[in-house]
Every structure is written in structure tokens, then in C-alpha cells.
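Q: I have a model open and would like to go through its bonds and empty spaces with you. Could we start with how the terms are defined?

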Amino acid sequence: MSAVRHVILALSAATLSAQSPLVTTYGFNGSGPAGGQLLFDLSVQTTQTVWRLDVHSGSPPGTAGTVEVYLAPTTWVGNETNPNAWTLAASGPVVSAGTGLPSSACMTNGIVLLPGSYGVAVRHVGLSFLRTNGNGSNQTYSTQEMTLTAGASQNVAWSGTFQPRVFNGAIHYQGGIVSGPFVCATAGTFGSGCGNLTMNTTTAPLLGVTATLQTSNIPSTSAVSVQVLSFTQVLPGIDLGPAGAPGCFRHVTVDSVVASPTTGVWNRLLPVPATAALLGVMVYGQSASFVPGVNALGVITSNGMELRLGNVIG
């Protein structure tokens with residue numbers, strides 16, 4: 001069995017026995033700047049591997065950054081202004097999903113937590129964070145495996161502590177020691193289309209799994225539609241107005257093209273190889289429909305779609 005498939009199956013099996021994730025709240029009433037961090041204590045009952053952290057970003061959707069997780073012995077209290085007490089346990093890339101939604105960061109190498117107590121600092125690099133004021137009744141969150149006790153925030157790491165403050169987000173984990181790497185399989189869109197044509201995916205692009213690429217709103221008068229896949233994103237999009245398709249853009253180069261006469265909704269199945277070398281690879285897509293008379297070029301185009309190939313769901 002490949003290492004990639006082993007990680008996927010192991011994490012899937014773990015959800016049957018563990019109470020992961022530990023979720024706090026997204027009911028925020030305050031914020032902090034990029035570079036700041038949230039602190040809390042974590043009491044762990046049995047050995048767990050943390051493979052993903054969801055944070056609550058205050059930055060505009062699509063803002064890219066990094067989540068860094070630091071650990072201190074026993075508690076954050078008394079260590080909050082002493083950087084020498086902390087060790088960087090893991091980090092992972094994150095893209096802001098916006099207010100009220102989890103922004104997921106896979107911890108590339110995972111964080112193994114043995115039974116015991118830890119101080120935890122979650123630093124937001126490149127994007128701001130949202131948090132909640134503590135009131136004594138909203139500062140403790142538990143699963144069977146661990147308990148989180150909030151906490152504090154800092155606008156600058158290891159300086160100027162505000163408390164009590166509650167971390168907004170979730171900790172995803174599985175029992176035992178599990179080896180990474182852990183790479184979030186994610187999907188998103190970028191740019192705009194024309195003629196109401198859209199493209200997205202209805203499944204996460206996990207290695208070893210079949211993804212579904214969906215093109216929607218294909219006109220009944222369409223002669224044929226295509227889905228284009230590429231390893232290269234075109235930013236900003238190339239304006240197709242001068243070519244006769246005003247309001248339409250080209251968002252990708254052409255590495256692979258598949259055509260279909262389908263109208264309405266076209267669901268294309270795309271098997272993703274279970275190849276470790278593909279972890280983290282970005283794939284970009286765009287659809288186009290050839291519709292006689294719709295404009296001088298006879299073409300409408302969709303938004304762009306971006307996929308990060310991974311072995312865990314982001």
C-alpha cells in the first residue's frame with residue numbers, strides 16, 4: 001500500500017474512534033493583526049497526532065498566509081513574554097475563507113502530543129485573526145481525548161498580552177503517532193467568467209480518489225464545451241474582448257483539453273493518481289462553451305478553478 005493511501009485510510013479510520021475535531025467557537029467579538037497570535041492551554045489524555053488546524057481569519061477571502069503552532073511546557077501562563085520557552089512544533093499554509101468560516105491549515109509534518117499539559121500559541125503570519133472575549137463560561141472546550149482552556153491574544157508575538165481571549169477554530173487529530181507529510185486537498189475559484197458559465201469541483205482533489213469537475217449553465221444552444229486543465233495560472237486573465245468575446249477572459253494555459261456535447265451541467269470524473277510526488281501540486285482549470293452567435297467569437301468562458309492535490313481534506 002502506498003504511503004499516500006496509508007495516510008488517507010488511517011485518518012479515515014481514526015474518525016470512527018476519536019472525537020476529532022475539537023471545535024471552539026466562531027462567534028467573534030474582536031480581532032488581531034497579521035503576525036499576532038492566540039494562546040491557550042491544552043490537556044491531552046492519550047497520545048494524539050494533530051494534522052490540521054482551522055483558524056478564523058479576518059482577512060479578505062483568498063488572502064494567503066501561514067499558521068505557526070508553538071508549544072511550551074505545561075501552560076502559556078508565565079511564558080507569554082518569554083520566546084525562549086516556546087518551540088515551533090509545526091506550520092502550514094492557509095488561505096483565508098473569510099468571516100464566519102474555518103480557514104484550514106494542514107500541519108505538514110504533524111504535531112505529536114503525548115499525554116500531558118501544553119501551552120499553545122497559534123501565530124497568524126500574513127493574515128489577521130478573529131477571536132472572542134472570554135467571560136468565564138466560554139473558555140473551556142473538550143473532547144474525550146483533550147481539553148482546551150483559553151486563553152489570551154497578542155498583537156505582537158510574545159508581547160502585550162490581552163486576556164481572557166478565546167481562540168476561534170478547531171483542532172483535527174487522530175489517535176497515536178502518525179507520520180506525515182499532511183497536505184490539504186483544497187479547491188477554489190478565481191477570476192470571472194461570461195455568459196453565466198461556471199466551473200468548480202464537487203469533491204476534494206485527494207490523491208488516489210476520483211475528483212468531479214463540474215461545468216454548469218451550459219446553454220442549450222452550445223455546440224460543444226471543453227474543460228481545460230493546466231499547471232499554469234494566468235493572472236490577471238487575458239481579456240478576450242479584442243478577439244470578439246467582450247467580458248470573457250482566459251485564466252489558464254493549455255496542457256490538457258477534454259470536450260463534451262453536454263448542455264446544462266457537465267460532470268467530468270478525473271482520477272487523481274496516488275503518487276506522493278503530486279502532493280501539493282497546483283492544478284488550474286477553466287471551461288469554455290462554443291455557442292454560435294453568442295458574440296463575434298462564438299465563445300463563452302467560465303471562471304478559473306484551482307486545485308491543490310493533497311492526502312487529507314482541507
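A: A salt bridge here is a side-chain nitrogen of Lys or Arg within 4 Å of a carboxyl oxygen of Asp or Glu. As for the source, this is a predicted model, in which local features need pLDDT of at least 70 and side-chain atom pairs count only at pLDDT 80 or more, while totals for chains, interfaces and linings use all residues. Residues are numbered from 1 along each chain as its sequence is written, and side-chain values use heavy atoms, with hydrogens and water left out.

Q: OK, how many salt bridges does the structure hold?
A: The structure holds two salt bridges. In one of them the side chains of E68 and R123 meet, at 3.7 Å from N to O. E68 lies in strand β5 and R123 in strand β8, so this pair ties together parts that are 55 residues apart in sequence. Strands such as these are DSSP runs of E with at least two residues, helices being runs of H or I with at least four, and both are numbered from the N terminus.

Q: Are E68 and R123 buried or exposed?
A: E68 is buried, with a relative accessible area of 16%, whereas R123 is partly exposed, at 27%. The cut-offs are under 20% relative accessible area for buried, over 50% for exposed and in between for partly exposed, with a 1.4 Å probe and protein chains only.

Q: And which residue does D54 pair with?
A: The side chain of D54 meets that of R52 in a salt bridge, with 2.9 Å from N to O, and both D54 and R52 are buried.

Q: Switching to cysteines, how many disulfides are there?
A: There are two disulfides, a disulfide being counted as a pair of cysteine sulfur atoms within 2.5 Å. When the bonded cysteines of the chain are numbered in sequence order, the pairing reads 1-2, 3-4.

Q: What does C106 bond to, and how far apart are the sulfur atoms?
A: C106 forms a disulfide with C184, and their sulfur atoms are 1.9 Å apart. This pair links distant parts of the chain, since C106 is in strand β7 and C184 in strand β14, 78 residues apart. The torsion about the S-S bond of C106 and C184 is about 95 degrees, so the disulfide is right-handed. C106 is buried, with a relative accessible area of 3%, and C184 is buried too, at 5%.

Q: What else is C106 in contact with?
A: Leaving aside neighbours within four places in sequence, C106 has contacts that include W51, R52, S91, F182 and V312, where contact means heavy atoms within 4.5 Å. R52, one of these contacts, is also the salt-bridge partner of D54.

Q: Where does the disulfide of C194 and C248 sit?
A: C194 and C248 have their sulfur atoms 1.9 Å apart. C194 is in the loop between β14 and β15 (198-201), and C248 is in the loop between β18 (233-239) and β19 (249-252), so that 54 residues separate them. With 95 degrees about the S-S bond, this link is right-handed. Both ends are buried, C194 with a relative accessible area of 8% and C248 with 1%.

Q: Now the empty space: how much of it lies in the largest pocket?
A: About 600 Å³ of space lies in the largest pocket. On a 1 Å grid over the protein atoms alone, a pocket is an open set of points with protein on both sides within 12 Å along at least five of seven lines, a cavity is a set of points where a 1.4 Å probe fits but cannot get out, and lining residues have an atom within 4 Å of a point. Points are joined across faces, edges and corners, and a volume is the space filled by probe spheres set on the points.

Q: Which residues are closest to the centre of that pocket?
A: Of the 28 residues that line the largest pocket, the closest to its centre are V95, S104, T186, A187 and R308. The element that gives the most to this lining is β14, with six residues. By class the lining has 17 nonpolar, nine polar and two charged residues, where Ala, Val, Leu, Ile, Met, Phe, Trp, Tyr, Cys and Pro count as nonpolar, Asp, Glu, Lys and Arg as charged, and the others, Gly among them, as polar.

Q: What about the largest cavity, what lines it?
A: The largest cavity holds about 90 Å³ of space, and its lining includes F40, L53, V69, I111, V122 and I171. The lining divides into 11 nonpolar, no polar and no charged residues.
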